[in-house]
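Hello,

Here is the structure I promised to pass on to you. Have a look at it first, and then read on for my notes.

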Amino acid sequence: MKKKDLFWGLLLLLAAVLIIVNKFGFYTDISIFKIAATVFFVGLIVKGIQHISFSGILFPSAFLCILYAKQWNIEEITPWPVLLAALLGSIGLSLIFKKYKFWNHKYGRNFHNRHGEKFSEVIDQPDSNVVDCSVSFGSSMKYVNADNFEKANIKCSFGAMKVYFDNAIINSGSAEIFLDVQFGGVELYIPKTWNIINDVNTSFGDMEEKNRRMGSQSPVVTIRGNISFSGVEIIYI
């Protein structure tokens, strides 16, 4: 089952439950259409957050404001003011964070990775057995170059990050990757020979795997941590 099918399936089940609950007398001022529309727009917002799409966040939020204008006492700003605000906000945030994503303010120049992609920060240097990398409101790429890799602490909030582990050597037979991802997107490029154990907690987010791994027993790498309103991809290389 695909993660996106599971996601929308759960939202539809939630809508079904809310409709039945509504029929028992709860939330009597909310129609069946409004319940279904609410679940749909909330789903769009979550997807927008996962893909860092400002229009995908602001426009569904604007439609929720229109739906609940009376309950939230915001009728004076609906429908056109809130829709115009969503449009201008989407354009403005896209312009601002496009600059943050491709421009490094500290060094005043663009950075390119080995594949020619532009990132606000590219880290490619020797590492110790414990690797720490983080990004917030930007984009970062990290090449893990460790001769005795044991643990990686990866933190990403409101940003995008790629981490390559193909140059990491595990001597002890096991290692750990700890994730703290909130409102962002992370791609982990992991050797196919690693045996990955997923022990991650997700809240309005998911972790997907791409490409087929070789099914070896060692080394064992356990991925732990928390993913909130975010998407994490493991790409086997």
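To start with a small puzzle: which residue in E7 is the bridge partner of Met141? The partner is Lys162. Before I go further, please keep in mind that this is a predicted model.

**The chain as a whole**

The protein chain holds 4 helices and 13 strands. It has 237 residues, and 41% of them are buried. If you take the contacts with a separation of 6 or more, 57% are between residues 24 or more positions apart. The accessible surface of the chain is about 13,300 Å², and carbon and sulfur atoms account for 60% of that.

**The sheet with E7**

The strands in the opening puzzle belong to an open sheet of 6 strands, ordered E3-E5-E7-E9-E13-E11 and paired in parallel. E3 and strand E11 (206-210) are the edge strands; each has a single partner strand, so one side of each is left without a neighbour in the sheet. On average, and with direction ignored, neighbouring strands here are turned by 15 degrees against each other.

Following the order inwards, strand E5 (residues 139-145) runs parallel to E7, and 5 bridges join the two. On its other pairing, E7 meets E9, again in the parallel sense and over 5 bridges. There, Ala160 has Gly185 of E9 as its bridge partner. Gly185 turns up once more in the next pairing, where its bridge partner in E13 is Gly231. E9 and E13 are parallel too, with 6 bridges between them.

How much of E7 is buried? The count is 4 of its 5 residues, so E7 is largely enclosed by the rest of the structure.

**The other sheet**

There is also an open sheet of 5 strands, with parallel pairing and the order E4-E6-E8-E12-E10. Its edges are strand E4 (130-136) and strand E10 (195-203), and since each has a single partner strand, one side of each is left without a neighbour in the sheet. From one strand to the next, the twist averages 10 degrees.

At the E4 end, E4 pairs with strand E6 (residues 151-157) in the parallel sense, over 7 bridges. If you want one pair to look up there, Cys133 has Ile154 in E6 as its bridge partner.

**The core**

The largest nonpolar core has 31 residues, and those touching the most other members are Phe149, Phe165, Ile177, Leu179, Leu188, Ile190 and Ile223. Two or more residues each come from E4, E6, strand E7 (160-164), strand E8 (174-182), strand E9 (185-190), E10, strand E12 (220-228) and strand E13 (231-236). The largest share, 4 residues, is given by E8.

Phe149 is a good place to centre your view. Apart from neighbours within four places in sequence, Phe149 is in contact with Asn129, Val131, Val144, Phe165, Ala168, Ile169, Ile170, Ser174, Ala175, Glu176, Ile177 and Trp194.

**A buried aspartate**

Asp127 sits in the loop between strand E3 (121-126) and E4. Is Asp127 buried or exposed? Its relative accessible area is 18%, and it counts as buried because the cut-off is under 20%. The side chain of Asp127 makes a polar contact with the side chain of Lys142, at 2.7 Å. Leaving aside neighbours within four places in sequence, the residues in contact with Asp127 are Lys142, Tyr143, Val144, Asn145 and Ala146.

**Backbone details to check**

Most residues other than glycine have a negative phi, and most peptide bonds are trans. A few spots are therefore worth a look against that background.

- Thr78 and Pro79 are joined by a cis peptide bond, with omega about 0 degrees. Pro79 lies in the loop between helix H3 (54-67) and helix H4 (80-102).
- A cis peptide bond also joins Ser218 and Pro219, again with omega about 0 degrees. Pro219 is in the loop between E11 and E12.
- Asn73 is not a glycine, yet it has a positive phi of about 55 degrees. Asn73 is in the loop between H3 and H4, and at 58% relative accessibility it counts as exposed.

Happy browsing, and best wishes!

Conventions:
Residues are numbered from 1 along each chain as its sequence is written. This is a predicted model: local features need pLDDT of at least 70, side-chain atom pairs count only at pLDDT 80 or more; totals for chains, interfaces and linings use all residues. Side-chain values use heavy atoms; hydrogens and water are left out. Two strands pair if DSSP finds at least two bridges between them. Axes are lines fitted to C-alpha atoms, for helices over the stretch in contact, and angles run from 0 to 180 degrees between N-to-C directions. Buried means under 20% relative accessible area, exposed over 50%, partly exposed in between (1.4 Å probe, protein chains only). A polar contact is a pair of N or O atoms within 3.5 Å; within protein, one must be able to donate a hydrogen and the other to accept it, and residues adjacent in sequence count only if both atoms are side-chain atoms. Contact means heavy atoms within 4.5 Å. A nonpolar core is a set of buried Ala, Val, Leu, Ile, Met, Phe, Trp, Tyr and Cys residues joined through side-chain atoms within 4.5 Å. Accessible areas come from the Shrake-Rupley method with a 1.4 Å probe; for residues, only the protein chains shown count as cover.
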